[in-house]
Amino acid sequence: MVAKKVQTPPPQPPHAQEHRPECRAARPRGSRRWRRGGGAGTAAVAVAALLISTAAWLALVFSGTTARCWQRLTHFEGSPRSVSWRSHYTSSDRRYPGSSSSPPPPLPASRNGSLSGAKPIAEELMLNHILFGIAGSSRLWTRRKEYVRLWWRPEEMRGHVWLDEQVPHDDDSLPPVMVSEDISRFRYTNPTGHPSGLRIARVVAESFRLGLPDVRWFVLGDDDTIFNVDNLVAVLSKYDWSEMVYIGAPSESHSANTYFSHNMAFGGGGIAISYALAEALSKIQDECLERYPKLYGSDDRLHACISEIGVPLTRESGFHQWDIRGNAHGLLSSHPIAPFVSIHHVEAVDPFYPGLSPLESLKLFTKAMKSEPRSFLQRSICYDQAHHLTFSVSLGYAVQVFPNIVYPRDLERSEQTYVAWNRISQSSEFDLDTRNSLRSLCKKPILFFLKDIGRRGDAIVGTYMQERGIDDLKRRVFCFLRSPPLRNVQIIKVLSYPLKKELASGTASIMLPDRRN
């Protein structure tokens, strides 16, 4: 050890010594030996305290109460959705740990697995496990029943059309008609809406009270909604019907989402409600509706009552409210990578396929949808680098051929060929990624729309025919310096192979069979 020489500071004046506090304590004799002995004593005390605390911790760990709690905790980690705290006490446990009283009575049986801890027997979801509630109007039913007929399967499906008045109905190819209960006892004070919103908001509760057996899901829609029921079953199969689940999607319109809620499912695009949630809703909805007389329609009233129960919206992007007008090409050609489940407001948009009436166009649309539900409207992008061409295929709808290389990031954005339901056309009005239509005629794609679709062995063959119109003539005149792509091709055939449940993607190939000089 190297000793340091400490110099004694010079003496201070008396006045300075009076105002300077003395911070050094006097060193007792033998202080160095005291510090050594004191360190050993402190270490002994610390070791003793550690041993005592360790013994106390081990006694706590191996006590009956802690063992049971640890068993519950490990059970909870294995089942993150629910845990039944009382299920681990056997009949031999006459009293709860730490309590001198008898255990409380068992919890009432519940269909909600998250509350009772009981899980339903695993069984594949089938179409007849879904009960549809289709909201309609007696004034419009004569016309709109043709839309329902396009997707309804009377031998496989269950559901009802809920109208305000009875109408003649003897068509077995459509769901039976039910007349909603009287809603005159409820208050409605919204100055711009219609009291029918009260009636439609109660469709789930009225459907539940029918007491039909083996119902797992209640699905709501309008009489101008088109459902892809095969994909609906696939989507709902991901969720537990014995838990409270509220599934749907908000609107495409930013104004509508802002006015109602960004966390509300819009009923025109379809709303799926699990049995457990429908059960809870049926008990409180009439009382709940009295608290919201100022709301506009049915969707916001339903959302308000479900929010009181405490169930959030589970979003599925295949549900489409379609709050748009005009040409729907931009949305149909850029469907997200998700199973297509529904569209709405089919009367407010142009026919999907040129040259067909609205109803005939929807018939071709649903034919393609039924041919291969899982890959319907899914987009495939191919490139012909030798000719600098980009092929964008929306299965069952159209093929776009661009005269240059267009990256997938740009094609994922919806071309804004439409306006919002409120007739606003600014891109900020839409709660989705959009892009403006190309201004240059020579850069616009050549469009081939579906003409027919059918099966060939394991493959599905779609025939797409080139759209002929004034743009085609203009393109031949003004784009002569740059020859338009596939100028002499009239038909494109697309071969697609159905997706299998265990696969994440399918395959497709393009044939250009018809060339004319």
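Reader: What do the buried residues of H11 pack against?
Author: The buried residues of H11 pack against helix H6 (196-201), helix H10 (275-289) and the strands S4, S6 and S7, where contact means heavy atoms within 4.5 Å. Helices (H or I, at least four residues) and strands (E, at least two) are DSSP runs, numbered from the N terminus. Please keep in mind that this is a predicted model, in which local features need pLDDT of at least 70 and side-chain atom pairs count only at pLDDT 80 or more, while totals for chains, interfaces and linings use all residues. Residues are numbered from 1 along each chain as its sequence is written, and side-chain values use heavy atoms, with hydrogens and water left out.

Reader: OK, and which residues in H11 are buried?
Author: Ser298, Asp299, Asp300, Arg301, Leu302, His303, Ala304, Cys305 and Ile306 are buried, where buried means under 20% relative accessible area, exposed over 50% and partly exposed in between (1.4 Å probe, protein chains only). With nine of its 12 residues buried, H11 is therefore largely enclosed by the rest of the structure.

Reader: How far apart are the end C-alpha atoms of H11?
Author: They are 17 Å apart, which agrees with the 16 Å that the 12 residues of H11 (298-309) should span at 1.5 Å a residue; the expected span is 1.5 Å times one less than the number of residues.

Reader: And what is the phi of Gly310, right where H11 is followed by it?
Author: Gly310 has a positive phi, near 95 degrees.

Reader: Let's switch to the sheet: what is the order of the seven strands?
Author: The open sheet has the order S3-S2-S1-S4-S7-S6-S8, with mixed pairing, and two strands pair if DSSP finds at least two bridges between them. The edge strands, each pairing on one side only, are S3 (177-179) and S8 (313-315). On average, neighbouring strands of this sheet are turned by 25 degrees against each other, direction ignored; such angles run from 0 to 180 degrees between N-to-C directions, with axes fitted to C-alpha atoms, for helices over the stretch in contact.

Reader: In what sense do S1 and S4 pair, parallel or antiparallel?
Author: S1 and S4 pair in the parallel sense over six bridges, and S1 (130-135) also pairs in the parallel sense with S2 (158-163), over five bridges. Gly133 has a bridge partner in each of these neighbours, namely His160 in S2 and Leu220 in S4. S4 and S7, in contrast, run antiparallel and are joined by four bridges, with Ala272 in S7 as the bridge partner of Val219.

Reader: Why is S4 described as largely enclosed?
Author: Five of the six residues of S4 are buried, so the rest of the structure largely encloses this strand.

Reader: Which strands does helix H8 lie across?
Author: Helix H8 (229-236) lies across S1, S4 (217-222), S6 (246-248) and S7 (271-274), and runs at about 125 degrees to S1. Helix H5 (141-151) lies across S1, S2 and S3, at about 155 degrees to S1.

Reader: New topic: how many aromatic pairs are there?
Author: The structure holds 19 aromatic pairs, counting rings of Phe, Tyr and Trp (its six-membered ring) whose centres lie within 6.5 Å, with planes under 30 degrees apart called stacked, over 60 edge-to-face and the rest tilted. One of them is the tilted pair of Phe208 and Phe218, with 6.1 Å centre to centre and 50 degrees between the planes. Phe208 lies in helix H7 (203-208) and Phe218 in S4, so the pair ties together parts that are 10 residues apart in sequence. Both Phe208 and Phe218 are buried.

Reader: Which residues form one aromatic cluster?
Author: The cluster consists of Trp322, Phe340, Phe352, Phe365 and Phe376. Trp322 is placed in the loop between S8 and strand S9 (324-326), and Trp322 is buried at a relative accessible area of 3%.

Reader: What is the phi of Trp322 near?
Author: Phi of Trp322 is near 55 degrees, which is positive although the residue is not a glycine. Most residues other than glycine have a negative phi. His345 also has a positive phi, near 55 degrees, and His345 lies in the loop between strand S10 (342-343) and helix H13 (358-371).
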